[in-house]
Amino acid sequence: MSNKQIDLEAKLFKGFSDKSRLLILEVLSAGRKSVTEITEETELSQPNTSAHLTCLLECGLIRKEKKGREVFYEVSGKDVTNMIRQAQKILKKHSKEIYNCTRY
């Protein structure tokens with residue numbers, strides 16, 4: 001595997017490393033939501049939510065659709081949701097070790 005590929009993978013995981021972005025992705029995995037709905041469900045501020053949505057959108061992990069004055073967001077594909085679910089399976093199996101890890 002090339003260094004470029006590893007760098008790209010690390011960048012992907014860095015995108016998933018922020019708790020707010022993971023929370024937003026979890027909310028969106030349940031279906032399409034407006035910014036207001038996302039803000040209410042995550043309890044993040046509206047500016048914070050918008051900044052994370054922009055990041056996720058630019059990375060291609062979510063997509064948006066404008067309907068009238070509202071903008072709705074959704075996960076860009078099942079592969080993103082599947083990755084989150086796979087991480088949850090790993091955590092179920094290794095949560096104690098990960099929790100106790102002092103390296104990161």
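Helices, at least four residues long, and strands, at least two, are DSSP runs numbered from the N terminus. The model worked on here is predicted.

**Exercise 1. Place E43 in the chain, then describe its backbone and its exposure.**

Step 1. Find the element. E43 sits in the loop between α3 and α4 (46-58).

Step 2. Check the backbone. Its phi is positive, about 60 degrees, although E43 is not a glycine.

Step 3. Check the surface. Exposed means over 50% relative accessible area. E43 has 72%, so it is exposed.

**Exercise 2. Outline the whole chain: which elements does it have, and in what pattern?**

Step 1. Count the elements. The chain has five helices and three strands.

Step 2. Read along the sequence. The pattern is α-α-β-α-α-β-β-α.

Step 3. Take the dimensions. Along the principal axes, the C-alpha atoms fill a box of roughly 45 × 30 × 25 Å.

Step 4. Look at burial. Of the 104 residues, 27% are buried.

Step 5. Look at contacts. Take those with a separation of 6 or more; 51% of them join residues 24 or more positions apart.

**Exercise 3. Describe how α2 and α3 pack.**

Step 1. Know what to report. Two packed helices are described by the angle between their axes and the distance between the axes.

Step 2. Give both values. The angle between α2 and helix α3 (residues 35-42) is about 115 degrees, and the axes are 10 Å apart.

Step 3. Give the handedness. The crossing of α2 past α3 is right-handed.

Step 4. Name the residues. From α2 come L23, I24, V27 and L28; they meet I38, E41 and T42 of α3.

Step 5. Sort them. The contact of α2 with α3 has five nonpolar residues, one polar and one charged.

**Exercise 4. T39 lies in helix α3. Is it buried or exposed, and what does it touch?**

Step 1. Recall the cut-off. Buried means under 20% relative accessible area.

Step 2. Apply it. T39 has 17% relative accessibility, so it counts as buried.

Step 3. List the partners. Residues up to four places away in sequence are not counted. T39 then touches L44, S45, Q46 and T49.

**Exercise 5. Follow the contacts of L61, then of L12.**

Step 1. Locate L61. It is found in the loop between α4 and β2 (62-67).

Step 2. Judge its burial. L61 counts as buried because its relative accessibility is 9%.

Step 3. List its contacts, leaving aside neighbours within four places in sequence. L61 is in contact with L12, F16, L25, L56, V75, S76 and V80.

Step 4. Add a distance. L61 and G77 are 16 residues apart in sequence, and their C-alpha atoms are 7.7 Å apart.

Step 5. Turn to L12. This residue lies in helix α1. At a relative accessible area of 33%, L12 is partly exposed.

Step 6. Check the contact from the other side. With residues up to four places away left out, L12 touches L61 and M83.

Step 7. Add a second distance. L12 and C59 are 47 residues apart along the chain, with 8.3 Å between their C-alpha atoms.

**Exercise 6. Describe helix α5: what are its length, its kink and its buried residues?**

Step 1. Compare spans. Helix α5 (residues 78-100) has 23 residues. From first C-alpha to last it reaches 31 Å, close to the 33 Å expected at 1.5 Å a residue.

Step 2. Find the kink. It is about 85 degrees and is centred on H94.

Step 3. Name the buried residues. In α5, V80, T81 and I84 are buried.

Step 4. Recall the helix repeat. An α-helix has 3.6 residues a turn, so residues three or four places apart point the same way.

Step 5. Find the cover. The elements covering the buried residues of α5 include α1 (3-16), α2 (19-28) and β3 (70-75).

**Exercise 7. How far is E9 from I84, along the chain and in space?**

Step 1. Locate E9. It lies in helix α1.

Step 2. Judge its exposure. E9 has a relative accessible area of 29%, so it is partly exposed.

Step 3. Give both separations. E9 and I84 are 75 residues apart along the chain, and their C-alpha atoms are separated by 15 Å.

Definitions and conventions
Residues numbered from 1 in each chain as written. Predicted model: local features only at pLDDT ≥ 70, side-chain atom pairs only at ≥ 80, totals over all residues. Heavy atoms only, no water. Expected span 1.5 Å × (residues − 1). Bend = angle between axes of the 7 residues up to and from the residue. Buried < 20%, exposed > 50% of the residue type's maximum accessible area, 1.4 Å probe, protein only. Contact = heavy atoms within 4.5 Å. Axes fitted to C-alpha atoms, helices over the stretch in contact; angles between N-to-C directions. Left-handed = near helix turned anticlockwise from the far one by under 90°. Nonpolar A, V, L, I, M, F, W, Y, C, P; charged D, E, K, R; others polar.
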